[in-house]
Structure formats: structure tokens, C-alpha cells
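Me: Please take me through the reasoning behind some of the labels used for this structure.

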Amino acid sequence: MAAAVSDRIATLSAGGGLVFGCDYNPEQWDRSVWPEDVRLMQQAGVGLVAINIFGWSSINPSRGVWDFSALDEIIGLLHAAGIRINLGTGTASPAPWLTAAHPEILPVGEDGTVFHPGGRQAYCPSSPIFRDYAAEVVTRVVERYGDHPAVSLWHVSNELGCHNALCYCTTSAAAFRGWLRERYDDDLDALNRAWGTTFWSQRYSSFDDIDVPAQALSLRNPGQILDFHRFSSDEQLALYRAEAAILRERSDVPVTTNFMVTAHIRNLDYWTWAGDMDVIANDHYLDRRLDDPRGELSFAADLTRGLAGGAPWLLMETSTGAVNWQPYNLAKAPGELRRNIAAHVARGADGICFFQWRASTQGAEKYHTALVPHAGEDSDQWREVVELGGLLDRLGEVAGTRVEADAAVLFSWESWWAIENEGRPSEGVTYLGQLHAAHAALSDAGITTDVVRPGADLDGYRLIVVPALHLITDDEAAVIARAVENGAVALITFQSGIVDEQDRVRTGGYPGAFRDLLGIRSEEFAPLVPGQTVALTDGSTASVWSERFKTTDAEVVAAFADGPAAGGPALTRRTAGAGEAWFLATQPSRDDYRALIARLAETAGVAPIPGATREIEIVRRSNGTDSYLFVINHGDSDAEISLVGHDLVTDAPATGLVPAGAVRIIKEDV
Ligand code: GAL
């Protein structure tokens, strides 16, 4: 199980401590480069190297032909240098001979477009043909290397579902029908009820008539779309499970795959995947398309820790500088790489790996930065990498410590799918937008936060934030109500608790699942248009949303002073048992949201970390004996913070000065 092995991420590389690793694609280089690569890896302190990720066409160049000579050699070189291997199963992208022989495995988009090979991941996830050939590749690889002493982690495929999560081909449609029969226990009436198919004459009289929700003339059936998302996530998980089973039968080495907990990928419900991973591993790149890329990084890192059940996790991929897949691929600012890495470690990463080792000179990713840049060893980037290796080495003692949080944010992929389903009240309400706003408010207020799944045990959290949790089951809602009864303070925001697990609106007044807990009854949504702001009677400003509701058993803390819900409540509080349930019907400005969180934290008895602000990110990791304070100054001015202990960055006693852009990691005197 994840937690047990995650505690031992340090064992994945020979040095112990924090893992420093990378993806390595030696097949892109002449053999003469390999010894040089290994020498430089040793110089930088790289201890874990992922290989054979895209190895299929190298090890199995044509049908029935296998050639492991290059892989043998590279594994031998790495092993001799004491570098451990994160061995890819090699199935991330089918070799061209396979798609040429079986074009029926190619994935199909919602408009019927067949996606041709030439990129990567060009296969239908449900294709039995693909699955059979992939199983053979995995079997060959594990039989050859399963006992190799350098292999310390299995890397199944690569970012499963990154491109092909949703496939609309006939094979997928048949698999979808099979999945639906299972979900609804072969009961077609149950499916018809769940999807509300009496609407627009969509009632099915046979499972055989059901198709995937491909492009249609009008809005499609939201229940069908929601189930298609569930099915698609399960199909990708099935790919993982099939490979993991082959590996586990023949090898004791831990198995994982790299998650994509990030802003632009939403098709995999990792809550349902996490239990299958021996180590939780995530890929994360700064997304410059967002307003607050580093805020997103912090949220993603906290969510990854949530997937690991609070245990340490592995950052499987990130970049030293620019990526090549955004419209504007910005270089990192001076010190930004270190700040990013410190934020990941602060939030529970026990290993930092990069994509990739040496910058490619060919192929679609030749302008993606790497540990060894095109400029080579004599470059500022390489010197920064060596320096980073040194820092990770000094931070070794942090490994295994945990982040402790008194606050929790609830997050759900199912809610993400549901709230952004077709025919919604406002396109301005994005699920991540609401999550990021809440998380930023907590972070700005100095409150360290776990990100947990609805239904998770909330004992031990005194402050619980539930942003836009649109879809929720009765049982999950009951857990929140119980936590409040037991003394927690919960902030539930607009659009939470609106639909049940089938995306059916809960009637009798919004938000159906939380109406009683909150003591409110809402009759009408009144979303705001882009750029529109409203004033609240407590002096705060808000945007995105408002709604017309009344209190039934709650106190109005602030009302809308203007806008479509003027005069009505905007923020309410209800005392319930030993706790309080608050409802927020809009999105306050960042500062106002922070102030609200600070107030709730005080009520809940959750102490902020002193010195934390919007610009100064501070998180503590500890293990009961030792305690490490991560202080990251993202701002333009120097900060003075009270710090007592030894600074592992400067390897000197801590001073209170945290210069602009600097990172301080203090082993605290306790
Ligand atoms: C990931 C992927 C890597 C590489 C990287 C570039 O999505 O796993 O293979 O493509 O992005 O940022």
C-alpha cells in the first residue's frame, strides 16, 4: 500500500535521503555519450534514473523481434555507477509496426477524427489488441530485469491518459456498454433513471443502443457524460492494473505510474487509483497560462500528498526551466527553480526528478529544458543543477518527515466533471478556479492545508473548506456534518451540494446536501459576468457568483450590497453542535478571502504559521522529534522573520533575514 512504501522513498536511490532523479532517454544519443552522461549524473548527485519509458520501438523494433542489447548496456553502466533505476515498462507509446498492422487500435476523438500515429499514446485504452501486445512487452521486460539489483522502481507506461483518456471508437463504445451493465447491474431502468433519459426522448430499450457521448448537435446528456468520465478513468486504471499484475507476479520491486495532478488534466480520478500505487508519484510543470502558477503548484503538491494519505511522495517529473508545450514557454526567473523545488519538498515530496536528463536535439521536445542543456556543462543551467543536487543532498534528513495540517480542503474529480458538465449556470465557475482561490486564501493566511477526498475521515481537522463541491453523496455530506457537530468550523461555498452522484439536482432549495447543516435555503442562482464585481456589506468585494437565498436557521454575517442579489445574504453562519457551518455565496477578492479564512481559523483555534503572507510561503515538516521550517520568499523585497535553528540552505545558523527570492530551510531548535 502507498503509505508504507512512500515512507521509504529514500530507499529508491542508493544515497538515501531525498531522491534526485530524472528521465533518461539514452536511445536518442550515440553510445559514446552514455559514459559521459553517467559521469555527469554522478557529478550532480543523480541517484534514480527512469529509462525505457518510450522504449517499445527500440526493444521490439518489429513484430516478434526483440533487442535488449542497448538496454542491457545502459542498465549495466548505471548500475556500475551506483545509480538506481526506475524502469519503464516501455508501453507508453506503441511502436509504428503495431499501429500499421492494427490501425483499429487508433483512438478516435469526439468528432470522429481518427488520431494517427506520429505523436505518442496513439492507442485506444480499451483495445484488447493493444493490451495483449503491451502485456507481452511488460512480460519480456520484467523477465529480463525483474531481479536486477539496480532496478528499484517499476514505472508503468507513462502519464496514462495524458492524451488518449477519452476515446470514442467502437471498441470504446462496446467497453462502455460492458462497464454500464456492471455499474447498473444489468438493470436498464436503473440506467434510464440515473441519466434522466425521458428528457429529449433519450430513453433506451436496450443496452446495445447506448453509445459513447460523441459530438452531438445540441447539449448532450450530462448523466451519460459523467458516467463516460468514470468509465474512461477506470479504463486507464485497468491498463495500469494489467501491467502491475504482470510485474508483481515476477518481481518484488515497488510499482507505480506517474500521475498528472496539474491544472490542465482532469480525466483521471486519482482517488480511485491511489491505493494501487506502491509510491505516489506526480508530474508537475508550472503552468504559465494561469494567473498564479506557483499557487497552483502548492495546491497540486498538497493534493498529491492527499493521494499519498499524508505520506511522502515522489515528484516524478518537473522541468529545470521552460517547457515546450505552452503557447509562451517562459524561462524560470533567477532562483525560481529552487523556490519551486523547495515548495514541493515543503509539501511532502521526498524526491525530485526531472524531465529529462539531456536536452534532445530532435523530436517534438527539443526545446524543452533538461538537466544538461544544449549549451552543455559550461552553462549557468548546469551549474544550477549541480547546486540543486547539493541542496537535495543536504536536505536528506528531511526524508520521512510529514506535513502537519489542522485544516482540510475537500477535492473531488467527480465534482470537477459534474460542475463543468454541459448546460451549467455559468462558464465563469471553474472547479479549479474555486479550489485555487480557497487554497490561496488559506496559504496567504499561513494555514497549512491537507487536500482530502469527500468521505475521508475529518477527525483532527478543525477547519474544513468545501469549495464548489457540486456533486456529493449523502454519506459524504454526513461526514462533514458530523465533523461540524464535533467542533470543526466548515466553510462551504456556492455550488456545493447541488447534485447527487448521478448529477441529479437535489430539490427543495439549494444546496440540497447542506441546506440543513447551513440553515439556509436558496431559490435562484445569480451568476456574475466576467469583470463584474459586487460589494458586500462587510466592505469586501467579490466576483464570479451571487445567489438569492434566505436563512432558515443561520445568522447573516454579510449581505450583498449591490448586484443581482442585493439586499440578500452573502455570508452566513450557523452554530451546529460544537462547531460552526458557514456558507459563502460568492468569491471574495484574494485579500478579502484571506481575511475571512483568518477569521475562521481563529474561531476554529487553528494557529497560522507566523510570518506567512501572500509572498512568503511557509510550511513545516516534522516527525515528532525534528522539525523543519520551509520559508520561501516569492516577493521582491527582503523579509525579516523570526527563525531559530540551523539553515540547511546556507548550512549556517539561521538569521531572520529571508532575502527577496530566497529559500530558507531551517532545522528548528525545539
Ligand atoms: C510529460 C511527459 C514527458 C514529457 C514532459 C514534457 O507530460 O511524461 O514524457 O513529455 O511531459 O514536459
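Reply: A polar contact is a pair of N or O atoms within 3.5 Å. The model is predicted.

Me: What makes Glu365 a polar contact of the ligand?

Reply: A polar side-chain atom of Glu365 lies 2.3 Å from an oxygen atom of the ligand. The cut-off is 3.5 Å, so the pair counts as a polar contact. Arg120 has a polar side-chain atom 3.0 Å from a ligand oxygen, and for Asn158 the distance from a side-chain N or O atom to a ligand oxygen is 2.8 Å; these pairs therefore qualify by that cut-off. On its own the ligand has 310 Å² of accessible area, of which the protein covers 95%.

Me: Which residues are around the ligand?

Reply: Among them are Phe54, Tyr285, Trp325, Phe355 and His368.

Me: How do you know that the span of helix 6 is close to the expected one?

Reply: Helix 6 (residues 128-145) has 18 residues. The expected span is 1.5 Å times one less than that number, which gives 26 Å, and the helix reaches 26 Å from its first C-alpha to its last.

Me: Why is Ser127 called a cap of helix 6?

Reply: A side-chain oxygen of Ser127 lies 3.3 Å from the backbone nitrogen of Ile129, at the N-terminal end of the helix. With a cut-off of 3.5 Å, the pair therefore counts as close enough for a polar contact.

Me: What does helix 6 pack against?

Reply: Its buried residues, including Phe130, Val137 and Tyr145, pack against elements including helix 4 (69-80), strand 3 (84-88) and helix 9 (222-250).

Technical notes. Residues are numbered from 1 along each chain as its sequence is written. This is a predicted model: local features need pLDDT of at least 70, side-chain atom pairs count only at pLDDT 80 or more; totals for chains, interfaces and linings use all residues. Side-chain values use heavy atoms; hydrogens and water are left out. Helices (H or I, at least four residues) and strands (E, at least two) are DSSP runs, numbered from the N terminus. Buried means under 20% relative accessible area, exposed over 50%, partly exposed in between (1.4 Å probe, protein chains only). Contact means heavy atoms within 4.5 Å. A polar contact is a pair of N or O atoms within 3.5 Å; within protein, one must be able to donate a hydrogen and the other to accept it, and residues adjacent in sequence count only if both atoms are side-chain atoms. A residue is near a molecule or strand if one of its heavy atoms lies within 4 Å of it. Accessible areas come from the Shrake-Rupley method with a 1.4 Å probe; for residues, only the protein chains shown count as cover.
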